[in-house]
Amino acid sequence: MGKAKTVIEKIWDKHVVHQEEGKPDLLYIDLHLVHEVTSPQAFEGLRLKGRTVRQPNRTFATMDHNVPTIHRNVIKDEISKKQMDQLKINCDEFGVPLAGINHQHQGIVHVIGPELGLTQPGKTIVCGDSHTSTHGAFGALAFGIGTSEVEHVLATQTVWQQKPKTLNVKINGKLGVGITAKDLILAIIGKFGVKFGTGYVIEYTGEAIRNLSMEGRMTICNMSIEAGARAGLVSPDETTIEFLRGRKYAPQGEDFEKAAAEWKQLASDEGATYDAMVEMDAEEIEPQVTWGTNPSMCIPISANIPNPENATSESDKNEIKHALEYMALEADQPISSVPIQHVFIGSCTNSRLADLQRAAEIVGDKKVHPDVRAIVVPGSQTVKTQAEEIGLDRIFIDAGFQWRGAGCSMCLAMNGDIVPPGERCASTSNRNFEGRQGAGAQTHLVSPEMAAAAAIEGYFVDVRKMAVPTA
Amino acid sequence: MEPIRTHTGLVYPLNRANVDTDQIIPKQFLKRISRQGFGEFLFYNWRYDEKDQLRPDFSLNKPKYKNASILVAGDNFGCGSSREHAPWALQDFGFKVIIAPSFADIFYNNCTKNGILPVRLTDEEAQQLITNAESKEYKLTVDLELKKVYDSEGFEASFDLPQYQREMLLNGWDEIAVTLTNADKIDQFEEKHVVYPKTITN
Ligand code: SF4
């Protein structure tokens, strides 16, 4: 037996193409996902140098950031349209497979990769998008890259990467009833801050993580970047394997069984060591709501908004003040007393079928509060179709939600789905930065259940107090 | 890309921590398909009001910082999205060096791919530079060969960065061309490395 290794080291070691003193490792990339916003300059770079795409079959493109979620083919914004048209031109010219706006597999890049089985344990996965960390849920090493690196991967199928330090985020015990993966990751970031993961790849371990579904693990890994880590992953196990069985691009039949056996071997070895470790108890976690302008500014639903006077440092004090001003909130105000005007259920964090199902359970036969405009944006066309097959669209529409086509939508408000200045949104996305959902928009990050509950009440409420139907 | 060895320039202080890439360049400007012309949209929501008019009270709009080429900011600069439009906007505006106590990983990397030098100093050092630049017209020199930052008044600090990134910046290399000198190694690797699916049928 060799030295006990983490899943991160195992994947790394299998992908090093070249090592040289004084340089990072040259790492092979198994899957390169591409979208319209961060790729045009990369394709243009190839064109200027007369270069080709080395592995079109390890590359997959879709349109998500700009796509309208209503009237799909009426793209009013000329510049958006041009960017989408350009992706089509680039994919045609360089032979890259594309799920364009009318393709049945179109959707948010981090939703469709797993859904199609392109995302698999042990793969190295990159995309010109920081939430590429999502794919880590499968025990893949997946991280975001910039456009120069997109060009580099297109041309060489590799990236230069310093071997990362490893960080074990261990979540002990069980999550309480009604507590979701979103609450867990918000609580982790709330406790340890927005940069505790900088320079590391996180492996999430512990009982609470093992008990999560693949959807839950994707929600957790998705927000690794909000903790500063470029990548976050979970060792593959039976849950992972069962999720992938039968997916379109996963190995089939006997090949699948063989692959599954190898995937299991990837899990971190007993006794493997990490460069750092933090621990947290799942039991202590309540439903979370962010109150400020970064994801660490979050509190349990039962708590009051912080007072800058209680800050431990001058810079914290300034940050809190600044955030309260932007968010138009009062110090010491209970978060449950804050009225909202918008609800967004969607994004690569929380727009999968399971997310929509759980939100729909909270909605039941209740109605959206008259002061609230609420939209549901499925993560992919596949999710949309599946949701409609089981009647989720009816539950939402009957309650007064808008039921949209797939895309990033109000997560970053690039496609025209925006929150107006000075208005407040309960959002299932991952970033509550200033202006993220529109200039002057005030974003509160929550789980799909909490968002659904807020849509109905018009305020943030503890979802555990809403009548949860017994199955 | 342009090599960078030493740079002397005017300092612009941005005394905020966790400046994210949505702040550096908001999403409505990410729709362009070229690399140029992002500078006018830099820090858009801080520099412009709701009517798209310049806010004269925002520091970067003040005439004294007009020619600034070194930005000094607080902790965790460039967090958030991977958009390379952020360094493109900073560069197009005229910034060649960004100094902060810490940077988000992807942003740091993106800077070095574009010939922008990211410099990590300690909290105290960065704070001192911010104080200096807030109180007067303040110039700094950054020397990448010596890995030092200094002014004409006796301030001096050392910084570090990975050797590879230092060389790339010093020489302004085309990284793809460098990598392709290892093309045979990539070929050999691919021969024995199995990836599913073999083809994507779309
Ligand atoms: S849903 Fe939001 S965070 Fe996810 S890829 Fe789209 S814009 Fe980025």
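This is a short chat about how chains A and B meet in a predicted model, and how two domains of chain A pack.

Q: How many residues does each chain bring to the contact?
A: Chain B gives 58 residues and chain A gives 81 residues.

Q: And what area do they bury between them?
A: Chain B and chain A bury about 5700 Å². Carbon and sulfur atoms account for 54% of it.

Q: Which residues of chain B lose the most area to chain A?
A: B:Lys31, B:Ile33 and B:Ile200 do. Together they make up 14% of what that side buries.

Q: What does the side chain of B:Lys31 meet in a salt bridge?
A: The side chain of A:Asp77, at 2.5 Å from N to O. The count between chain B and chain A is ten salt bridges.

Q: How many residue pairs are in polar contact there?
A: 40 residue pairs between chain B and chain A, both residues at pLDDT 80 or more.

Q: Which helix of chain B supplies the largest share of the side that touches chain A?
A: Helix 7 of chain B, with six residues. By class, the side of chain B that touches chain A has 20 nonpolar, 20 polar and 18 charged residues.

Q: Switching to helix 3 of chain B. Which residues are buried?
A: B:His85, B:Ala86, B:Pro87, B:Trp88, B:Ala89 and B:Leu90 are buried in that helix.

Q: What covers them?
A: Parts of both chains. From chain A, the cover includes helix 2 (40–49) and helix 5 (147–156). From chain B, it includes helix 1, strand 2 (68–73), strand 3 (97–100) and helix 4.

Q: What comes just after helix 3 of chain B?
A: B:Gly94, with a positive phi of about 125°.

Q: Now chain A. What are its domains?
A: The domain assignment gives domain 1 (7–161 + 245–258), domain 2 (165–236 + 269–284) and domain 3 (288–467).

Q: How many residues of domain 1 of chain A are in contact with domain 2?
A: 23 residues of domain 1 are in contact with 21 residues of domain 2. The area buried between these domains of chain A is about 1700 Å², with 62% from carbon and sulfur atoms. In domain 1 of chain A, A:Val7, A:Ile8 and A:Ala137 lose the most area to domain 2, together 31% of what that side buries.

Q: What about salt bridges between those two domains?
A: The count between domain 1 and domain 2 of chain A is two. A:Asp269 also forms a salt bridge with A:Lys10, with the closest N and O atoms 2.8 Å apart.

Definitions and conventions: Residues are numbered from 1 along each chain as its sequence is written. Chains are lettered from A and ligands numbered from 1 in the order in which they are written. This is a predicted model: local features need pLDDT of at least 70, side-chain atom pairs count only at pLDDT 80 or more; totals for chains, interfaces and linings use all residues. Side-chain values use heavy atoms; hydrogens and water are left out. Contact means heavy atoms within 4.5 Å. Buried area is the accessible area (1.4 Å probe) that two parts lose on being put together, summed over both. A salt bridge is a side-chain nitrogen of Lys or Arg within 4 Å of a carboxyl oxygen of Asp or Glu. A polar contact is a pair of N or O atoms within 3.5 Å; within protein, one must be able to donate a hydrogen and the other to accept it, and residues adjacent in sequence count only if both atoms are side-chain atoms. Helices (H or I, at least four residues) and strands (E, at least two) are DSSP runs, numbered from the N terminus. Ala, Val, Leu, Ile, Met, Phe, Trp, Tyr, Cys and Pro count as nonpolar, Asp, Glu, Lys and Arg as charged, and the others, Gly among them, as polar. Buried means under 20% relative accessible area, exposed over 50%, partly exposed in between (1.4 Å probe, protein chains only). Domain bounds come from an automatic or database domain assignment.
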